[in-house]
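Visitor: Please take me slowly through one part of this protein, beginning with a single residue and working outward from there. I would like to see how that part fits with what surrounds it.

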Amino acid sequence: MEKNKLLDDLISQGEKLTNTISYVPPGSGVIRTYSVYRTSEKVEYQNWQSSSQRFIKTYFPSDLEDFKENTKKISPDNHQKMMGILRAIKLMPEEPVKENEKSSGNTNITINNTQQIVLNLFTEAVRDEITGKEYKELKEILKNYEREPEKTTSKIKERLKKMGGDVLTNIITNILTNPNIYGGLM
């Protein structure tokens with residue numbers, strides 16, 4: 001079933017279940033400092049919660065903890081919070097990108113998960129085709145990039161030319177034939 005259809009169904013079910021939540025008055029002679037609620041559709045309500053939680057876990061994991069927190073105790077307030085999470089997902093369906101801070105000298109670079117994967121693939125492809133010594137030389141040249149970008153770029157070009165055309169061809173081939181990359185090109 002399509003993700004949007006599933007979400008619409010969960011929201012619709014949740015709206016129907018809203019009216020099944022009722023206050024449980026304390027028994028005679030009982031003093032409570034808290035409110036107790038129940039649903040007249042206990043099985044259906046539990047199935048809705050479980051299905052909603054599974055949907056969020058699968059497609060929107062950043063919202064899972066907030067949703068789970070509200071499933072601990074049935075109440076109109078908690079139910080509306082769960083409905084709010086589902087409606088917010090419908091309104092803004094893009095999962096927030098978790099960002100990792102990478103620090104290089106005095107420069108901070110923010111890289112999202114997709115960029116990190118691509119960066120790792122590129123680095124791996126380069127390491128597979130050149131020697132450890134050549135890799136260290138490239139890293140050493142790159143240390144001066146912030147101060148002298150044009151000069152550093154020129155030095156890298158010279159160094160790569162000395163390695164030969166086969167090295168560059170093999171690096172690009174390794175990148176393009178990686179399953180994570182060529183799948184996106186098809």
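**A helix and its surroundings**

Guide: If we set aside the neighbours within four places in sequence, S75 is in contact with I21 and Y37. Please keep in mind throughout that we are looking at a predicted model. S75 sits in the loop that joins α3, residues 64–70, to α4, residues 76–91, and S75 counts as buried because its relative accessibility is 9%, which is under the limit of 20%. A polar atom of the S75 side chain also lies 3.0 Å from the backbone nitrogen of N78.

From this loop we can move on into the helix, and M82 is a good place to pause, as M82 belongs to α4. With a relative accessibility of 1%, M82 is again below the 20% limit, and therefore counts as buried. Beyond its neighbours within four places in sequence, M82 is in contact with Y45, W48, Q49, F67, N70 and T71. The C-alpha atom of M82 is also 8.3 Å from that of D66, although these two residues stand 16 residues apart along the chain.

Some of those partners lead us to another helix. Two packed helices are described by the angle between their axes and by the distance between those axes. For α2, which spans residues 42–59, and α4, the angle is about 35° and the axes are 12 Å apart, and the crossing of α2 with α4 is left-handed. On the α2 side the contact is made by Y45, W48, Q49, S52 and I56, while α4 contributes H79, M82, M83, I85, L86 and I89. Sorted by character, the residues in this contact of α2 with α4 are eight nonpolar, three polar and no charged.

Let us now look at the nonpolar core. The largest one has 17 residues, and within it W48, I56 and L86 touch the most other members. Two or more residues of this core come from each of α1 (3–18), α2, α3 and α4, and it is α4 that gives the most, with five residues. To see this from one member, consider L86: leaving out neighbours within four places in sequence, L86 is in contact with L7, L10, I11, W48, S52, I56 and F67. There is also a second, separate core of eleven residues, and V126, L138, I156 and V167 are among its members.

L138 gives us a link to a residue elsewhere in the chain, since R159 touches L138 as well as E134, E137 and I141, when residues up to four places away in sequence are not counted. R159 lies in helix α7, residues 149–163, and with a relative accessible area of 18% R159 is still under the 20% limit, so R159 counts as buried.

Finally, we can step back to the protein as a whole, which has nine helices and four strands. Read from the N terminus, their order is α-β-β-α-α-α-β-β-α-α-α-α-α. Of the 186 residues in the protein, 25% are buried, S75 and M82 being two that count as such. Among the contacts with a separation of 6 or more, 50% join residues 24 or more positions apart.

Technical notes:
Residues are numbered from 1 along each chain as its sequence is written. This is a predicted model: local features need pLDDT of at least 70, side-chain atom pairs count only at pLDDT 80 or more; totals for chains, interfaces and linings use all residues. Side-chain values use heavy atoms; hydrogens and water are left out. Buried means under 20% relative accessible area, exposed over 50%, partly exposed in between (1.4 Å probe, protein chains only). A polar contact is a pair of N or O atoms within 3.5 Å; within protein, one must be able to donate a hydrogen and the other to accept it, and residues adjacent in sequence count only if both atoms are side-chain atoms. Contact means heavy atoms within 4.5 Å. Axes are lines fitted to C-alpha atoms, for helices over the stretch in contact, and angles run from 0 to 180 degrees between N-to-C directions. A crossing is left-handed if the near helix is turned anticlockwise from the far one by less than a right angle, and right-handed if clockwise. Ala, Val, Leu, Ile, Met, Phe, Trp, Tyr, Cys and Pro count as nonpolar, Asp, Glu, Lys and Arg as charged, and the others, Gly among them, as polar. A nonpolar core is a set of buried Ala, Val, Leu, Ile, Met, Phe, Trp, Tyr and Cys residues joined through side-chain atoms within 4.5 Å.
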